[in-house]
Structures are given as structure tokens and as C-alpha cells.
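I opened this notebook to record what I looked up, entry by entry, with the reasoning kept beside each value.

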Amino acid sequence: MLLVRFVLSPPSRHVRGCRGESLTKSVKIAVQEGDFSEQRWQQYTEQALTASGDMTMTDTLRLMSSFASAKVRDFRLYDRLCARVHSLLPGSGSLPPKDLRRLAVSLGRARTFDSELMEAIADLIVDRVEEFRPRELVHIVEAYSRMPVQSLNLFAIVADALPPYVYDLSVPEVAKLCRAFGEAMVYSQELTDALCEEAHHRRHDFGTIECLGFLDGLSYLSELPADMKRNDTETVAAFVVQISFKLQS
């Protein structure tokens with residue numbers, strides 16, 4: 001006997017009745033189940049616009065994360081959610097590192113343009129950088145590399161903090177970190193040296209996508225001043241060989 005498991009999406013009236021935590025849970029479930037139907041997310045958006053003014057900081061951040069993961073592009077929504085975060089920040093005390101990371105990553109994914117909020121979050125992260133795990137810092141700078149406002153202080157503090165811990169990053173994280181600093185046009189010799197050394201050591205673990213991402217990050221270094229030019233020929237050659245091997249296998 002063949003059994004097929006399927007999930008019925010909740011009816012529209014349930015969406016319209018959701019507020020606060022219940023709305024956050026409904027949206028999160030939709031993301032987890034891969035329900036990205038346009039009609040459903042329009043309903044979620046309208047309900048979020050209505051409910052955002054009364055939401056807690058935790059629910060606001062979770063909601064923003066889910067909408068960003070679903071690649072919803074509605075500037076009204078993000079403006080409203082960012083405004084809610086602004087209003088709650090002064091009385092929220094110290095946001096946990098996971099919430100700061102969630103907010104930064106969500107802003108990056110959504111390509112939001114709230115410069116004031118992005119700068120405020122960057123300052124909070126810089127002040128408490130020691131509370132973040134290395135991989136969390138990777139995701140944060142990756143998010144900020146996509147933003148119209150890039151905090152040089154944030155990239156500087158991450159560049160100082162991460163070199164001793166590069167070995168603990170996954171292969172995709174090594175590639176993302178290299179590319180993030182390249183896209184942000186921020187250069188740290190110590191971090192770049194550590195990344196190249198680690199990448200060369202683990203080059204056989206890199207897939208084609210990771211190889212291309214890492215090489216893309218290095219390509220930005222061609223814009224460095226003449227007195228800071230690097231010679232990463234050995235690393236580049238090793239990755240070209242690895243890409244060739246992956247394509248042939």
C-alpha cells in the first residue's frame with residue numbers, strides 16, 4: 001500500500017486572524033514547508049503590516065527573517081518592520097547576539113535601505129564582537145557586504161577577530177568570507193593570508209561553487225594600490241585545477 005504524506009495550507013481566514021506570535025509561527029511554518037505561493041505571502045504581508053505596531057522585538061525579528069528567507073520584496077513591509085525595531089531598540093536592553101545576527105542577515109537578504117538602522121546594528125555588533133561565534137561573524141559581514149551602507153569599523157573588527165579561527169569555519173564559510181570582504185572592497189592582509197592558507201590546505205574539499213566564490217573574492221584585490229599588490233598565483237592555480245577536476249568528475 002502506497003502512503004503519501006501531504007500538508008494542507010491553512011485557510012485564508014487563519015492568516016487574517018494571526019497577530020504577533022501566532023503570525024510569526026504561521027510564516028515560519030510556511031517557509032519550512034516551502035509554501036511560497038504569491039497569494040499566501042500577500043496575505044501574510046498585509047497581516048504583518050496591520051499587526052507590526054503591536055509586535056514584540058522577538059516577533060518582529062523573527063517575522064523579518066522569515067519574509068527575507070521567502071524573498072518577499074515589499075518595501076512597505078520592511079519599512080514598517082524596521083520602524084518597529086527602531087521604536088523598540090531604546091527599551092530592549094542588550095539584544096542577544098542571535099537576534100543581532102538575525103537582524104543583520106535579514107536586512108542583507110532583503111536589501112533594505114534603512115541606513116540609520118544598519119549603522120546602529122553595526123555599532124552594537126562592534127561593541128560586543130567577542131560575544132559572537134566566528135561563523136556568526138561570517139554571516140554578518142556577508143550580509144553587510146550587500147548593503148548600501150557598509151560599516152568599515154565592523155569589517156575591521158571582524159578582520160582582527162577571525163584569523164585565529166579560520167580553521168574552524170566550514171568550506172562554504174571560508175569562501176563567503178573571502179567574497180564578502182572583496183565585495184565590500186575592504187582589505188586585511190592578515191585575514192586574507194589566513195583565508196588563502198586555509199583554502200589552499202583544504203582545496204580538495206572545495207566544490208565548484210565554493211572555488212568560484214573564493215576566486216571572485218580574490219579578484220577584487222586587483223584594485224589594491226601598487227604598493228599593496230599580492231601574489232596569490234599559487235592559490236589561484238590550485239583552485240583552477242580543483243575546478244577542472246570537479247567539472248570532469
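**Entry 1: R102 and its surroundings**

I began with R102, which has a relative accessible area of 18% and is therefore buried, the cut-off for that word being under 20%. I note at the outset that the model is a predicted one, and that the values below are computed from it. R102 has its place in helix α6, and its side chain is joined to that of D99 by a polar contact of 2.9 Å. When I left aside the neighbours within four places in sequence, I found R102 in contact with L61, R62 and S65.

**Entry 2: Helix α5**

Does the length of α5 agree with what its 14 residues should span, or disagree? At 1.5 Å a residue, I expected 20 Å for residues 75–88, and the C-alpha atoms at the two ends are 20 Å apart, so the expectation and the model agree. I then asked which residues of α5 are buried, and the list I wrote down is L77, Y78, L81, C82, R84, V85 and L88. Looking down the axis of α5, I saw that these buried residues fall within an arc of 155 degrees, so they line one face of the helix. F75 and D79, on the other side of α5, are exposed.

For the cover over the buried residues of α5, I noted that it includes α3 (38–51), α4 (57–69), α6 (97–110) and α7 (115–127); α6 is also the helix in which R102 has its place. At the start of α5, I found a side-chain oxygen of D74 that reaches to within 3.0 Å of the backbone nitrogen of R76.

**Entry 3: Aromatic pairs**

How many aromatic pairs does a search of the whole structure find? I counted seven of them. In one of these, the rings of F36 and W41 have centres 6.3 Å apart and planes at 25 degrees, so I entered the pair as stacked, since planes under 30 degrees apart count as such. F36 is partly exposed, with a relative accessible area of 42%, whereas W41, at 5% relative accessibility, counts as buried.

I turned next to F214 and F239, whose ring centres are 5.2 Å apart and whose planes are at 20 degrees, so this pair is stacked as well. F214 lies in helix α12 (residues 208–219) and F239 in helix α13 (residues 233–248), so the pair ties together parts that are 25 residues apart in sequence. F214 is buried with a relative accessible area of 0%, and for F239 I also read 0%, hence buried. Finally, I noted that ring pairs link F36, W41, Y44 and F67 into a cluster.

**Entry 4: Cysteines**

I looked for disulfides and found zero in the structure, so I wanted to know why C178 and C211 form none, given that the cut-off is sulfur atoms within 2.5 Å. For C178, the closest cysteine sulfur is that of C196, at 6.3 Å, which is too far for a bond. For C211, the closest is the sulfur of C178, at 12 Å, again too far for a bond. C178 counts as buried at 7% relative accessibility, and C211 is buried with a relative accessible area of 0%.

**Entry 5: E130**

My last look-up was E130, which lies in the loop between α7 and α8 (134–145). Is E130 buried or exposed? Its relative accessible area is 60%, so E130 is exposed. I also recorded that E130 and V158, which are 28 residues apart in sequence, are 9.8 Å apart in space from C-alpha to C-alpha.

How values were computed:
Residues numbered from 1 in each chain as written. Predicted model: local features only at pLDDT ≥ 70, side-chain atom pairs only at ≥ 80, totals over all residues. Heavy atoms only, no water. Helix = DSSP H or I, 4+ residues; strand = E, 2+ residues; numbered from the N terminus. Expected span 1.5 Å × (residues − 1). Buried < 20%, exposed > 50% of the residue type's maximum accessible area, 1.4 Å probe, protein only. Arc of directions from axis to C-beta. Contact = heavy atoms within 4.5 Å. Polar contact = N/O pair within 3.5 Å; in protein donor to acceptor, adjacent residues only side chain to side chain. Phe/Tyr/Trp six-rings, centres within 6.5 Å; stacked < 30°, edge-to-face > 60°.
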